[in-house]
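Subject: The model, and what turned up in it

Hi there,

Here is the structure I promised to pass on. Have a look at it first, and then read on for my notes.

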Amino acid sequence: MRDLGKQIIPLDQSISFEIDCNGEPGNQFYSDAKRLKIIFNNLLSNAVNFRDTTKAQCQIQISIQVTKEGAAIQFEDNGIGIEAIHIDKIFQMFYRATEHGTGSGLGLYIVNEVLLKLGGSIKVQSQPNQFTRFSLWIPSAV
């Protein structure tokens, strides 16, 4: 996961990426790389697609904290946000919280299903026009 920053290239200069990977020395995280890639791709895609283009600087922050038990991962952006009435439904298949964008409503459903396969969990916090934060817990496979 430490090489994550090398794999993310901003689409344009108006998107700022910040990646912070921490953990105690010696802690290692083992998981299914293909499934992790699905999770990261979907959450990053949403952050880019639902950015607030009226803001001078769009920000996407990823923090990863590795412990002996697993990884706590947080994705946060300063995009258009999600209204409270939609929060409980966004992980349902085909649910779209906004008409902004062209998504099918499958991305967050897929993220949740993949996390369940890994024994993990996801929580979301959001304020419209302010931020969206996805907090994930993924246990280490070893």
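One term to settle before the notes: a residue is called buried when its relative accessible area is under 20%, exposed when it is over 50%, and partly exposed in between (1.4 Å probe, protein chains only). Please keep in mind that this is a predicted model, where local features need pLDDT of at least 70 and side-chain atom pairs count only at pLDDT 80 or more, while totals for chains, interfaces and linings use all residues. Residues are numbered from 1 along each chain as its sequence is written, and side-chain values use heavy atoms, with hydrogens and water left out.

The overall picture

The protein chain has four helices and five strands. Helices here are DSSP runs of H or I with at least four residues, strands are runs of E with at least two, and both are numbered from the N terminus. Read from the N terminus, the order of elements is α-β-α-β-β-α-α-β-β. The chain has 142 residues, and 36% of them count as buried. Looking at contacts (heavy atoms within 4.5 Å), 63% of those in the protein chain with a separation of 6 or more are between residues 24 or more positions apart.

The sheet

The five strands make an open sheet in the order β1-β2-β3-β5-β4, with mixed pairing. Two strands are said to pair if DSSP finds at least two bridges between them. At the edges are β1 (15-23) and β4 (121-127), each pairing on one side only. From one strand to the next, the twist averages 10°.

Now to strand β3 (residues 70-77). Six of its eight residues are buried, so β3 is largely enclosed by the rest of the structure. On one side, β3 pairs with strand β2 (residues 58-66) in the antiparallel sense over seven bridges, and Q65 stands opposite A72 of β3. These two strands form a hairpin with three residues between them. Strand β3 is also joined to strand β5 (residues 131-139) by eight bridges, again antiparallel. Here A71 has I138 of β5 as its bridge partner, and G70 stands opposite P139.

Strand β5 is joined to β4 as well, by seven bridges and in an antiparallel run. If you want a pair to find on screen, K123 stands opposite S135 of β5.

What sits in the loop between β4 and β5? One residue there is N129. The hairpin of β4 and β5 has three residues between the strands, and N129 takes a positive phi near 65° in it, although N129 is not a glycine. With a relative accessibility of 47%, N129 counts as partly exposed.

The helices

How are α2 and α4 placed relative to each other? In general, two packed helices are described by the angle between their axes and the distance between the axes. Helix α2 (residues 33-49) and helix α4 (residues 107-118) pack at about 150°, with their axes 9 Å apart. The axes are lines fitted to C-alpha atoms, for helices over the stretch in contact, and the angles run from 0 to 180 degrees between N-to-C directions. The two helices are therefore roughly antiparallel, a label for angles over 145 degrees (under 35 is roughly parallel, 65 to 115 roughly perpendicular, and the rest oblique).

On the α2 side, the contact is made by R35, L36, I38, I39, N42, L43 and N46; on the α4 side, by G107, L108, I110, V111, V114, L115, K117 and L118. By class, that contact has ten nonpolar, three polar and two charged residues. Nonpolar covers Ala, Val, Leu, Ile, Met, Phe, Trp, Tyr, Cys and Pro, charged covers Asp, Glu, Lys and Arg, and the others, Gly among them, are polar.

One residue of α2 to click on is L36. L36 is buried, with a relative accessible area of 13%. Along the sequence L36 and V114 are 78 residues apart, yet C-alpha to C-alpha they are 8.3 Å apart in space.

Enjoy exploring the model!

Best wishes
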